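I opened this notebook to keep track of what I looked up in one structure, entry by entry. The entries follow the order in which I went through the model.

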Amino acid sequence: YNVASQIWTKYFGHDGTAANPIVFRNYPDETATITSNVGTVFIIEKGYNRVEGLNFVGGPATGTWFHVGYDVAATNFTASHCIASMGAGGDNSGFVYLGGGATGTVVEHCRITGPGYNGLHGNTAGIICFKTEGVRFIHNEISNTMIGIYFKFANPQDNLTPGIEIAYNYIHETGRNAMQLNCNHASIHDNVIGANNAGILVTESNGGPGGD
């Protein structure tokens, strides 16, 4: 299935609920592949939208598949058991790009392959987020990008339980760092850092100071 123009759910989508989320997924035992050459393919600005079991193949212009919470809140977005490739890099690009209103996002059991890790913009990431709380990035494999997981702008320091968990990820082949984390009161544990990485950088203030 090819997406030829950007889909922005602020205007065309629907909110789900915790009991009845809006779910986009493959038919059981079948492979569904979404292709696109749009720079940012989906802007998600509805609550409780889930994407499960889909393959995403980006063309040469595709840097971000899901920009969640662009200018309004988009709570409880989930990407689960997906395979994704990015065709392009750029400032603040990633398979999933979370704005401050993307509370409760989960990216789990995904295999994310970036567009490369030589000669690209340094802020090209597998997952990138800004001030976002209640997020869980767990059991993902991220490779072939400048940064695996980039928490660029710090979440508020005064919230002692922001619900941020980054765990059980396998990150390899990155040009800048496996993870750059500028978050507060986060639980970061049991990640595996593989070959060709610069390591993990914490309290990274490239976007704005304030991480603990």
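The notes below cover a sheet, a second strand system, two buried residues and a pocket.

**Entry 1: the model itself.** Before anything else I noted that this is a predicted model, and I kept that in mind for each entry that follows.

**Entry 2: the open sheet.** I asked in what order the seven strands of the open sheet follow one another. I found the order β3-β6-β9-β12-β15-β17-β19, with parallel pairing. I then looked up the edges, and they are β3 (22–25) and β19 (187–189), each of which pairs on one side only. From one strand to the next I noted a twist that averages 5°.

**Entry 3: the β3 edge.** I followed β3 to its partner β6, which covers residues 49–52, and I noted four bridges between the two strands in the parallel sense. For a residue-level landmark I wrote down that Ile22 stands opposite Asn49 of β6. As a reminder to myself, strands of a sheet pair through backbone hydrogen bonds, in either a parallel or an antiparallel way.

**Entry 4: strand β16.** I turned to β16, residues 141–153, and asked how many of its 13 residues are buried. The count is ten, so I take the strand as mostly covered, given that buried means under 20% relative accessible area. I then listed partners of β16, among them β13 (residues 111–113), which runs parallel to β16 and is joined to it by three bridges; here Arg111 has Glu141 as its bridge partner. Strand β14 (residues 125–130) pairs with β16 in the parallel sense over five bridges, and in that pairing Ile127 is matched with Ile149. With β18 (residues 170–181) I counted eight bridges, again in the parallel sense. I marked Ile149 as a residue to find in the viewer, since besides being the bridge partner of Ile127 it stands opposite Met179 in β18.

**Entry 5: Ala74.** I located Ala74 in the loop between β8 (64–68) and β9 (78–80), and I asked whether this residue is buried or exposed. Ala74 has a relative accessible area of 0%, and because buried means under 20%, it counts as buried. Setting aside residues up to four places away in sequence, I listed its contacts as Ile44, Glu45, Lys46, Val68, Gly69, Gly101, Ala102 and Thr103. For Gly101 I also took the distance: the C-alpha atoms of Ala74 and Gly101 are 5.8 Å apart, although 27 residues separate the two in sequence.

**Entry 6: Thr9.** I next looked up Thr9, which lies in helix α1. Thr9 is buried because its relative accessibility of 9% falls under the 20% cut-off. Beyond neighbours within four places in sequence, Thr9 is in contact with Ile43, Ile44, Glu45 and Lys46. Ile44, Glu45 and Lys46 are also listed among the contacts of Ala74.

**Entry 7: the largest pocket.** I closed with the largest pocket, which holds about 380 Å³ of space. It is lined by 21 residues, and those closest to its centre are Ile7, Phe24, Phe42, Val51 and Phe66. The elements that each give two or more residues to this lining are β2 (7–8), α1 (9–12), β3, β5 (40–44) and β6. Which element gives the largest share of the lining? It is β3, with three residues. Sorted by class, I recorded 15 nonpolar, five polar and one charged residues in the lining.

Terms used
Residues numbered from 1 in each chain as written. Predicted model: local features only at pLDDT ≥ 70, side-chain atom pairs only at ≥ 80, totals over all residues. Heavy atoms only, no water. Pairing = 2+ DSSP bridges. Axes fitted to C-alpha atoms, helices over the stretch in contact; angles between N-to-C directions. Buried < 20%, exposed > 50% of the residue type's maximum accessible area, 1.4 Å probe, protein only. Contact = heavy atoms within 4.5 Å. 1 Å grid on protein atoms, 1.4 Å probe; cavity = no way out; pocket = protein on both sides within 12 Å on 5 of 7 lines; lining within 4 Å. Points joined across faces, edges and corners; volume = space filled by probe spheres on them. Nonpolar A, V, L, I, M, F, W, Y, C, P; charged D, E, K, R; others polar.
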